[in-house]
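Here is a friendly walk through a protein model, for someone opening it for the first time. Have a look at the chain as a whole before reading on.

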Amino acid sequence: MKQVKNASSHYRRLLGYLRPYMGGFLVASVCMVIVSSTSGGAAFLIQPMLDDIFIKKDSGLLAILPGAIVLVYLVRGLFRYFSSLMMQRIGAMAVRDVRNDLYRHMQHLSLSFFQRNTTGELVSRITNDITLVQDAISIVVYDVFREGFTVVALLGVLVYRDPTLSVFALLVLPFSAWFIARLGRRMRDITRGAQERIADLTSLMSEAFSGARVVKAFGMERYESERFKAENERYFNVWTKTIRLNEISSPLLEFIGAFGVGAIIYYGGRHVISGETTVGNFFSFLTALFMLFAPVSKLGRVYNRIQQAMAAAARIFEVLDLKPEVAEQKGAGVIGPVRREVAFKDVTFSYGNEPVLRGVSFTAGAGTITAIVGMSGAGKTTMVDLIPRFYDPAGGAVLFDGVDVRTATLESLRAQIGIVTQDVFLFNDTIKNNIAYGREGTPMELIEAAAKSAYAHEFIRSLPSGYDTVVGERGARLSGGQKQRISIARALLKNPAVLILDEATSALDTESEIEVQRVLNNLMENRTTFVIAHRLSTILHADRILVVERGRIVESGTHKDLLAANGVYRKVFELQFAANSNQG
Ligand SMILES: Nc1ncnc2c1ncn2[C@@H]1O[C@H](COP(=O)(O)OP(=O)(O)O)[C@@H](O)[C@H]1O
Ligand SMILES: [Mg+2]
């Protein structure tokens, strides 16, 4: 029961998207009423045709009626064409709006949303689910109106011709309605299953395609194909079920109808034979009744399609109703570049139940370099992710010059933070646009200057199309070091007050690493820098080193202080850095 109520509220919400197009919608509806009345008209005209032309042999009427029929169908065709066109266009416009809303909303959701859902699931929302909704809005609304009006017009003829018989004939309808409703509920459940299966299939594919290198290296092509085959089979099974249900509804309805028709012919035949009604009157009734079948069974299918679409709409609205976990406060203020310090005050955080940060406190003076070291999984990345508010702390606060970053607008906060991480993300666009990402209209000289400071200018120039070279998906056509230098140029162009380097060189080979490291030293100058490093050279440069262990800062100080303290740092140092210290 609750589900049904939800479905209708989803439907109302969907119809809300039609509101801006109400004017056109009304015009189209009026055209449809005209189309539908012609159906009633055709059934109605059977009576004069049979009784007056064929039985009474009225040649005057014979001169008029055929022309009238042609005229009626001409009008009908024209109105039908225009009303369909208009309705479907309005439906498509509404769907376009839903799609834009959904995408915009997703863009503003927090990072955690994108980590909880696979790309395949998210893409499926915007493609498959929206397609189902499109069906509901454009075709269904159109069918409901046209067929609905037609049913009304034909019912009018029925009742006019024979009220008693109409009552009998219509006894069949409630039974069909009950049957259709039952079918609809089954349909909705199965469609939901089918949509989930296709989402699974999509994420499986996108994973295997983007991981093609790993798949090949481990000789897992056959395994991946089998995995796909199994998932594909599951989808096929659900789909077959959907088809079966979809296709059984019309034949069943027609069969039920046949009983009614048999009974009616028996009843009508007796009445005509006994002279209680005319042949024309009865056949006009019968024509209207036959003409009712198509729209009624179409309406039955419409119901099923509404059910399918509602399952999709439910998933769309579920996303649309998600509130970003990291949201801007009402009345958030613009925050200027850091002038005194960035501070963590007793910060705690967890992704789930396990605490990841436990009471982290420190202060980093403006313009200084803070290095963060610790074992993998200690919580270093999580710590720096709280600075641009990719996540918010569960307890405590991150402060810029004493101001809680949660009271600042996201735009002003993130505008002053530059981030360079281990896995570089480049868009499948030109190098120029990748460097100037988020800074449209940057003059070419500035882009080149940034590339020069990032030691990227030389290699970019040597590419066939230079700065206009398209880098491929995620930068596939460039080497790791080249990608990293482009991402550094991107950060340089932003000229951020706060710089976060999260193992920026760890994905690189020694040669590019030395090169990139040199660039990073340029980049760090005059900025408040947080650097998660595995290179000794970076750490030696740092004004302060924070040693993180299982979500806590266990030691802090300069390299010398910490070595002298002979604690955790010394151990980590000997494990991680001593081996390659001569290269750093
Ligand atoms: N998005 C996430 N969802 C759930 N747990 C996470 C997520 N990111 C990191 N973790 C967990 O949080 C802990 C700290 O991770 P992280 O900050 O990435 O460590 P580090 O950067 O020091 O290697 C680890 O136990 C890791 O498994
Ligand atoms: Mg990390």
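What follows goes from the overall outline to a few spots worth finding on screen.

**The big picture**

Keep in mind that this is a predicted model. The protein has 20 helices and ten strands. Its C-alpha atoms fill a box of roughly 120 × 55 × 50 Å along the principal axes. The radius of gyration is 35 Å, whereas a compact globule of 584 residues would come out near 25 Å.

The domain assignment splits the protein into domain 1 (2–320) and domain 2 (341–580). The C-alpha centres of these two domains are 55 Å apart.

How much of the protein is buried? The share is 34% of the 584 residues. As for contacts with a separation of 6 or more, 80% of them link residues 24 or more positions apart.

**The nonpolar cores**

In soluble globular proteins, nonpolar side chains tend to be buried together. Here, the largest nonpolar core has 69 residues. The members that touch the most other members are A371, I435, I488, A489, I500, I545 and V547. Helix α16 gives this core its largest share, six residues. There is also a second, separate core of 50 residues, and A43, A94, V133 and L165 are among its members.

V547 is a good one to click on. Leaving aside neighbours within four places in sequence, V547 has contacts that include V373, G374, I553, V554 and E555. Further along the chain, L562, V568, Y569 and V572 are also among the contacts of V547.

**A helix with a buried side**

Now find helix α14, residues 444–453. Its buried residues are I447, A450 and A451. They sit on the same side of α14, because they cover an arc of only 100 degrees around the axis. What do the buried residues of α14 pack against? Their partners are α13 (431–435), α15 (457–462) and α16 (480–494). After α14 comes Y455, which has a positive phi, near 50 degrees.

**An open sheet of four strands**

Four strands make an open sheet in the order β2-β1-β4-β5, with antiparallel pairing. The edges are β2 and β5 (403–404), as each of them pairs on one side only.

Start from β1, residues 341–350. Seven bridges tie β1 to β2 (residues 355–365), and the two strands run antiparallel. β1 and β2 form a hairpin, with four residues between them. Strand β4 (residues 395–400) is also antiparallel to β1, and five bridges join the two.

Want to trace the pairing residue by residue? These pairs are handy starting points.

| Residue | Opposite residue | Strand of the opposite residue |
|---|---|---|
| E341 | G365 | β2 |
| F349 | L357 | β2 |
| A343 | L399 | β4 |

**Two backbone oddities**

D346 is in strand β1. It has a positive phi of about 50 degrees although it is not a glycine. Is D346 buried or exposed? D346 counts as exposed, because it has 12 C-beta neighbours inside 10 Å, and a residue is exposed if that number is 12 or fewer.

K57 also has a positive phi, near 55 degrees, and is a residue other than glycine. Where is K57 found? K57 lies in the loop between α2 (22–55) and α3 (59–107). K57 is exposed, because it has 9 other C-beta atoms within 10 Å.

**One more stop: E224**

E224 belongs to helix α9, residues 221–273. With 19 C-beta neighbours inside 10 Å, E224 counts as partly exposed, because a residue needs 20 or more to be buried. Not counting residues up to four places away in sequence, E224 touches A208 and V215. You can also look for L204, which is 20 residues from E224 along the chain. The C-alpha atoms of E224 and L204 are separated by 8.8 Å.

Definitions and conventions
Residues numbered from 1 in each chain as written. Chains lettered and ligands numbered in written order. Predicted model: local features only at pLDDT ≥ 70, side-chain atom pairs only at ≥ 80, totals over all residues. Rg over C-alpha atoms; globule rule 2.2 N^0.38 Å. Contact = placed C-beta atoms within 7 Å. Arc of directions from axis to C-beta. Core = buried A, V, L, I, M, F, W, Y, C linked by C-beta atoms within 7 Å. Domains from an automatic or database assignment. Pairing = 2+ DSSP bridges.
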